[in-house]
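Subject: Structure handover

Hello,

Please find the structure below, with my notes after it. Have the sequence open while you read.

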Amino acid sequence: MAIKVEIDGDSAEAVALALLKLVAKAEGKLDSEGEPQGVDREWLLDTYAECLDTVLGARPIEYVEDEDDDQDDDGADFDADADDADDELDSEPEPPAKP
């Protein structure tokens, strides 16, 4: 599924407005013609402020633990220690220390 986003301008505010439109669509706040539905002043201002913070990099990232987080995409249990070991195997070996 392709999402087309048009941004009028090159400011952070313009990008935040485009992001606001994407959020509104994703949350079912737009009807089939793209007109707002069920949007009140508080939702609009809070969501725009959150979008602007995101664009400016000022919004802290929150980690929300999901029940599925303990499993890999293939459904196997996730073991962080095993994953770290794999990362070590993928890295270049260090040269031996010279005496």
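The notes below cover the two pockets and then one helix.

Please keep in mind that this is a predicted model.

Pockets

The largest pocket has a volume of about 260 Å³. Its lining is made up of 10 residues, and those nearest the centre are Lys4, Val5, Glu6, Ala18 and Lys21. Sorted by class, five of the lining residues are nonpolar and five are charged, with no polar ones.

For the second largest pocket, the volume is about 210 Å³. Here 13 residues form the lining, with Lys21, Ala24, Leu30, Gly34 and Pro36 nearest the centre. Two elements each give two or more residues to this lining: helix H1 (12–26) and helix H2 (41–56). H1 provides the largest share, five residues. The classes in the lining of the second largest pocket are eight nonpolar, one polar and four charged.

Helix H1

Does the length of H1 agree or disagree with what its 15 residues should span? At 1.5 Å a residue the expected span is 21 Å, and the end C-alpha atoms of H1 lie 21 Å apart, so the two agree.

Which residues of H1 are buried? They are Ala14, Ala16, Ala18, Leu20 and Ala24. H2 is included in what covers these buried residues of H1. Ala18 is also among the residues nearest the centre of the largest pocket, and Ala24 is among those nearest the centre of the second largest.

After H1 comes glycine 28, which has a positive phi, near 70°.

Regards

Conventions:
Residues are numbered from 1 along each chain as its sequence is written. This is a predicted model: local features need pLDDT of at least 70, side-chain atom pairs count only at pLDDT 80 or more; totals for chains, interfaces and linings use all residues. Side-chain values use heavy atoms; hydrogens and water are left out. On a 1 Å grid over the protein atoms alone, a cavity is a set of points where a 1.4 Å probe fits but cannot get out, and a pocket is an open set with protein on both sides within 12 Å along at least five of seven lines; lining residues have an atom within 4 Å of a point. Grid points are joined across faces, edges and corners, and a volume is the space filled by probe spheres set on the points. Ala, Val, Leu, Ile, Met, Phe, Trp, Tyr, Cys and Pro count as nonpolar, Asp, Glu, Lys and Arg as charged, and the others, Gly among them, as polar. Helices (H or I, at least four residues) and strands (E, at least two) are DSSP runs, numbered from the N terminus. The expected span of a helix is 1.5 Å times one less than its number of residues. Buried means under 20% relative accessible area, exposed over 50%, partly exposed in between (1.4 Å probe, protein chains only). Contact means heavy atoms within 4.5 Å.
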